[in-house]
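Hi,

Here is the structure I said I would pass on. Have a look at it first, and then read my notes on the charged side chains below.

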Amino acid sequence: MLFRSVSQSRYRDHIIISHEVGGPNQKQDFYFGQLPKHLKKSGKKVLIVKINHLGLKSQLRAFVPVTKSKNLFSITLPEWTNWKIENEISRIMPRAIKSFDQNIDSKSKFGLLIKHALSRKLEELSAAFNLRLYFFMREILMEMKPSTLHFTWEGHAWERLAIRAAREVLPQIACIGYQHTVLFPNAVGPFRSLGKLHDPDEIWTVGQPNYNSLTNAWASRGVKISTYGSPRHRRFPFRKA
């Protein structure tokens with residue numbers, strides 16, 4: 001088990017996957033703005049799961065209250081899972097591991113230094129990052145059993161794996177992606193369907209042009225598109241189409 005529960009964290013109505021980009025002193029979430037506090041005020045229990053972009057030390061039981069209320073907590077994901085899962089991730093990336101094993105002499109000091117450097121490099125590989133997030137989310141979802149999962153929607157592989165983890169653990173969960181930035185003409189990920197196991201139920205977007213583009217791509221697949229707005233420019237609640 002990666003996750004050890006604490007009494008105040010056993011159940012959440014909403015889990016929001018965001019990003020740790022500003023440290024612990026942020027007054028509101030950089031991506032979702034006042035949404036977590038709005039949900040809390042409406043009586044919902046909320047956990048913000050922050051992807052660790054700052055290399056902060058963390059563990060899966062380090063829940064931080066965002067307000068004095070016990071209904072809103074955040075957690076910054078650790079950089080590593082545990083030995084068993086790291087080994088599984090290593091097996092999933094055979095070419096990297098094969099090169100790692102064959103070319104490093106760990107008996108010499110130089111070999112140990114290179115081994116440490118390559119370990120850090122393997123940690124940074126996007127495939128390993130995505131798989132770690134998948135395993136983290138499975139554990140958190142099994143413990144919290146939320147009705148709704150929110151996440152940023154930019155076309156990254158980790159978003160699809162978060163949806164997969166949710167569908168596997170809680171088949172009835174609502175998966176909502178937030179497309180919060182500009183959509184470029186050659187963008188592929190935000191528009192591509194990968195099937196029910198990896199597609200969101202709903203996509204929130206920042207404005208009418210993106211709403212139109214996403215509606216054209218997703219309407220026939222049963223994915224609802226809504227205009228949420230941008231927390232960087234105005235307060236929640238935002239107008240929804």
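Keep in mind that this is a predicted model. I'd start with Arg 138, which makes a salt bridge to Glu 168, with 2.7 Å between the closest N and O atoms. Arg 138 sits in helix α5 (residues 126–144) and Glu 168 in helix α6 (residues 157–169), so this pair ties together parts that are 30 residues apart in sequence. Both ends are partly exposed: the relative accessible area is 24% for Arg 138 and 33% for Glu 168.

Glu 168 has another partner too. Its salt bridge with Arg 164 has the closest N and O atoms 2.8 Å apart. This one stays inside helix α6, where the two residues are four apart, about one turn of the helix. Arg 164 is partly exposed as well, at 27% relative accessibility. Put together, Arg 138, Arg 164 and Glu 168 form a linked network of salt bridges.

Now for a buried pair. Arg 160 forms a salt bridge with Asp 199, and the closest N and O atoms are 2.8 Å apart. Arg 160 belongs to helix α6, while Asp 199 is in the loop between β6 (174–179) and β7 (202–205), so the bridge ties together parts that are 39 residues apart in sequence. Are these two buried or exposed? Arg 160 counts as buried, at 7% relative accessibility, and Asp 199 also counts as buried, at 7%.

In case you want the overall tally, searching the whole structure turns up six salt bridges; the ones above are among them.

One more residue to look at is Asp 13, in the segment before β1 (14–20). Asp 13 is buried but has no salt bridge. How far away is the nearest side chain of opposite charge? That is Lys 44, at 5.5 Å, and a salt bridge needs the nitrogen within 4 Å of the carboxyl oxygen, so this pair does not count as one. What the side chain of Asp 13 does have is a polar atom 2.7 Å from the backbone nitrogen of Lys 45. Leaving aside residues up to four places away in sequence, Asp 13 touches Gly 43, Lys 44, Lys 45, Pro 146, Ser 147 and Thr 148.

If you open the model, I'd go to Glu 168 and its two arginines, Arg 138 and Arg 164, and then to Asp 13 and Lys 45.

Cheers

How values were computed: Residues numbered from 1 in each chain as written. Predicted model: local features only at pLDDT ≥ 70, side-chain atom pairs only at ≥ 80, totals over all residues. Heavy atoms only, no water. Buried < 20%, exposed > 50% of the residue type's maximum accessible area, 1.4 Å probe, protein only. Lys, Arg positive; Asp, Glu negative; His and termini not counted. Polar contact = N/O pair within 3.5 Å; in protein donor to acceptor, adjacent residues only side chain to side chain. Contact = heavy atoms within 4.5 Å.
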